[in-house]
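User: Hi! I am new to protein structures and would love a close look at one part of this one, the sheet together with whatever packs around it. Could you walk me through it slowly?

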Amino acid sequence: MKASNGLSRIPELALRQRRQGLAKLLPPVTEILRGSLVERYVTCGNPACKCARGERHGPIWYLTVTLGRGRTTGGIIPEEKVAEVRAWIGNYHKLKDHLEKISEINRELLRRARADERKRKRKGR
Ligand SMILES: [Zn+2]
């Protein structure tokens with residue numbers, strides 16, 4: 001376990017406060033969506049339509065979700081849902097990012113607890 005995250009010089013109290021701050025900033029876990037929002041401009045197939053001359057229809061919004069091993073799912077997102085979907089995808093990344101930072105802080109606190117324990121044992125001999 002390498003302490004390359006830059007936390008090793010921060011006082012323990014500050015780390016605990018930072019952890020608390022991150023926990024408070026977690027987005028509501030009910031408003032989470034994993035995936036990407038992509039916009040497409042499409043042709044409808046009617047040769048008389050303006051889209052046949054290059055003025056495609058759109059944007060049409062899709063949510064694409066990777067399920068692993070190159071498998072994806074998703075579907076069309078109606079225009080009026082795009083802002084919400086975008087916010088929920090943002091929440092997903094924010095939640096993941098914050099959980100990772102909290103996890104880093106906890107690893108650092110564990111590392112210090114272990115270092116303190118070793119120090120105490122050496123003194124106690
Ligand atoms: Zn068309």
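Analyst: Happy to! Let us begin with one definition: a residue is called exposed if 12 or fewer other C-beta atoms lie within 10 Å of its own, buried if there are 20 or more, and partly exposed in between. Try it out on R69, which has 5 C-beta neighbours inside 10 Å and therefore counts as exposed. Please keep in mind that you are looking at a predicted model.

Where is R69? Find the loop between β2 and β3, and you will see R69 there. These two strands form a hairpin with two residues between the strands. R69 is not a glycine, yet R69 has a positive phi of about 50°. Why might that catch your eye? Most residues other than glycine have a negative phi.

Now follow the hairpin away from its loop. Strand β2 covers residues 57–68 and runs antiparallel to β3, with seven bridges joining the two. You can trace some of the facing residues yourself: G68 stands opposite R71 in β3. Another pair to look for is T64 in β2, whose bridge partner in β3 is G74. Then there is Y62, which stands opposite I76 in β3.

On to the other pairing of β2. Strand β1 pairs with β2 in the antiparallel sense too, over six bridges. One spot to look at here is V42, which stands opposite H57 in β2. Strand β2 also holds P59, and the peptide bond that joins G58 and P59 is cis, with omega about 0°. For background, most peptide bonds are trans.

Put these pairings together and you have an open sheet of three strands in the order β1-β2-β3, with antiparallel pairing. Strands β1 (36–42) and β3 (71–77) stand at the edges with a single partner strand each, so one side of each is left without a neighbour in the sheet. The sheet is also twisted in this sense: neighbouring strands are turned by 35° against each other on average, direction ignored.

What packs on the sheet? Helix α2, residues 82–123, does so, and it touches β1, β2 and β3. The direction of α2 makes about 145° with that of β1. How well covered is β3? Hardly covered is the fair description, since the count of buried residues among its seven residues is zero.

To see the packing through one residue, pick V85, which is in helix α2. Leaving aside its neighbours within four places in sequence, V85 is in contact with L33, L37, L63 and I77. V85 has 16 other C-beta atoms within 10 Å, so V85 is partly exposed. You could also compare its position with the hairpin loop where we started: V85 and R69 are 16 residues apart along the chain, and their C-alpha atoms are separated by 24 Å.

Next, slide along α2 to R120, another residue of this helix. R120 has 9 other C-beta atoms within 10 Å and is therefore exposed. The C-alpha atoms of R120 and S103 are separated by 26 Å, with their positions 17 residues apart along the chain.

Finally, look at what else meets α2. The axes of helix α1 (residues 12–24) and α2 come within 10 Å and cross at roughly 155°. Because of that angle, α1 is roughly antiparallel to α2. The crossing of α1 past α2 is left-handed. On the α1 side, the contact is made by E12, L15, R18, R19, L22 and A23. On the α2 side, H98, K101, I102, I105, E108, L109 and R112 take part. Sorted by class, this contact of α1 with α2 has six nonpolar, one polar and six charged residues.

So here is the picture to carry with you: the sheet runs β1-β2-β3 with antiparallel pairing, helix α2 packs on this sheet, and α1 lies roughly antiparallel to α2.

Terms used: Residues numbered from 1 in each chain as written. Predicted model: local features only at pLDDT ≥ 70, side-chain atom pairs only at ≥ 80, totals over all residues. Pairing = 2+ DSSP bridges. Helix = DSSP H or I, 4+ residues; strand = E, 2+ residues; numbered from the N terminus. Axes fitted to C-alpha atoms, helices over the stretch in contact; angles between N-to-C directions. Contact = placed C-beta atoms within 7 Å. Parallel < 35°, antiparallel > 145°, perpendicular 65-115°, else oblique. Left-handed = near helix turned anticlockwise from the far one by under 90°. Nonpolar A, V, L, I, M, F, W, Y, C, P; charged D, E, K, R; others polar.
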